[in-house]
Amino acid sequence: QITKYNLEEWYEGLEKGGQHLTAQSFFLELSDEELHLLSSLASSQLAANLGMSRRLTNAELAGREALEERIAAALKRAEEAGTGSKCGYFVRLSTRSPKDA
């Protein structure tokens with residue numbers, strides 16, 4: 001649920017007047033299907049960590065590869081636009097802070 005307190009609602013206000021008042025950010029919206037895929041991949045990894053591994057389905061493998069390509073393309077666009085980072089990126093999968101959960 002997006003509220004006025006979510007980052008994507010107020011971030012642009014920090015960039016007004018050409019001043020960068022915080023770290024540069026860009027957003028990549030994920031579809032419901034991609035979110036479901038991430039949840040499934042995380043569950044598989046947790047199961048593997050607990051010794052209960054399961055093989056990823058062909059659909060999960062293909063979905064993971066497609067999502068990786070989409071993220072790589074977004075990072076490349078950010079670099080080309082001058083909003084990328086030579087030092088790496090911080091990826092956040094939620095607008096909520098872990099301390100709020």
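Three salt bridges are present in the structure, which is a predicted model. One of them joins glutamate 34 to arginine 70, with a separation of 2.8 Å between the closest N and O atoms. This pair connects distant parts of the chain, since glutamate 34 belongs to helix 2 and arginine 70 to helix 3, the two residues being 36 residues apart. The partners differ in their exposure: glutamate 34 has a relative accessible area of 15% and is therefore classed as buried, the limit being under 20%, whereas arginine 70 is partly exposed, at 30%. Apart from its neighbours within four places in sequence, glutamate 34 is in contact with Glu29, Leu67 and Arg70.

A second salt bridge is formed between the side chains of glutamate 60 and arginine 54, with an N to O distance of 2.8 Å. Glutamate 60 is buried, because its relative accessibility of 11% lies under the 20% limit. Arginine 54, in contrast, is partly exposed, with a relative accessible area of 40%. The remaining salt bridge brings together the side chains of arginine 64 and glutamate 68, at 3.8 Å from N to O. These two residues are four residues apart in helix 3, so about one helical turn separates them. In general, an α-helix has 3.6 residues a turn, so residues three or four places apart point the same way. Arginine 64 is partly exposed, at a relative accessible area of 35%, and glutamate 68 is likewise counted as partly exposed, at 46%. Side chains of opposite charge can pair when their charged atoms come close.

The protein as a whole contains three helices and zero strands, and its elements follow the pattern α-α-α along the sequence. Of its 101 residues, 13% are buried. Among contacts between residues at least 6 apart in sequence, 41% join residues at least 24 apart. The exposed area of the protein is about 8400 Å², of which carbon and sulfur atoms supply 54%.

Helix 2 spans residues 32–49. Its end C-alpha atoms are 26 Å apart, which agrees with the 26 Å that its 18 residues should span at 1.5 Å a residue. The buried residues of helix 2 are Glu34, Leu37, Ser40, Leu41, Ser44 and Ala47. Viewed down the axis of helix 2, these buried residues fall within an arc of 145°, so they line one face of the helix. On the face turned away from this buried side, helix 2 carries the exposed residues Asp32, Leu46 and Asn49. The buried residues of helix 2 pack against helix 3. Glutamate 34 thus appears both in the set of buried residues of helix 2 and in the salt bridge with arginine 70. Just after helix 2, glycine 51 adopts a positive phi of about 80°.

Helix 3 comprises residues 58–80, 23 residues in number, and reaches 33 Å from its first C-alpha to its last, close to the 33 Å expected at 1.5 Å a residue. Within helix 3, the residues Glu60, Leu67, Ala74 and Ala78 are buried, and the buried residues of this helix pack against helix 2. Leu67 is also one of the residues in contact with glutamate 34, while Glu60 is the residue that meets arginine 54 in a salt bridge. Helix 3 is followed by glycine 82, whose phi is positive, near 85°.

At the surface, Phe26, Tyr89 and Val91 make a nonpolar patch of about 280 Å². Phenylalanine 26 is placed in the loop between helix 1 (7–10) and helix 2. With a relative accessibility of 33%, phenylalanine 26 counts as partly exposed.

Methods
Residues numbered from 1 in each chain as written. Predicted model: local features only at pLDDT ≥ 70, side-chain atom pairs only at ≥ 80, totals over all residues. Heavy atoms only, no water. Expected span 1.5 Å × (residues − 1). Buried < 20%, exposed > 50% of the residue type's maximum accessible area, 1.4 Å probe, protein only. Contact = heavy atoms within 4.5 Å. Salt bridge = Lys/Arg side-chain N within 4 Å of Asp/Glu carboxyl O. Areas by Shrake-Rupley, 256 points an atom, 1.4 Å probe, with all protein chains shown as cover. Arc of directions from axis to C-beta. Patch = residues over 30% accessible without salt bridge, like charges linked within 9 Å, V, L, I, M, F, W, Y side chains within 5 Å.
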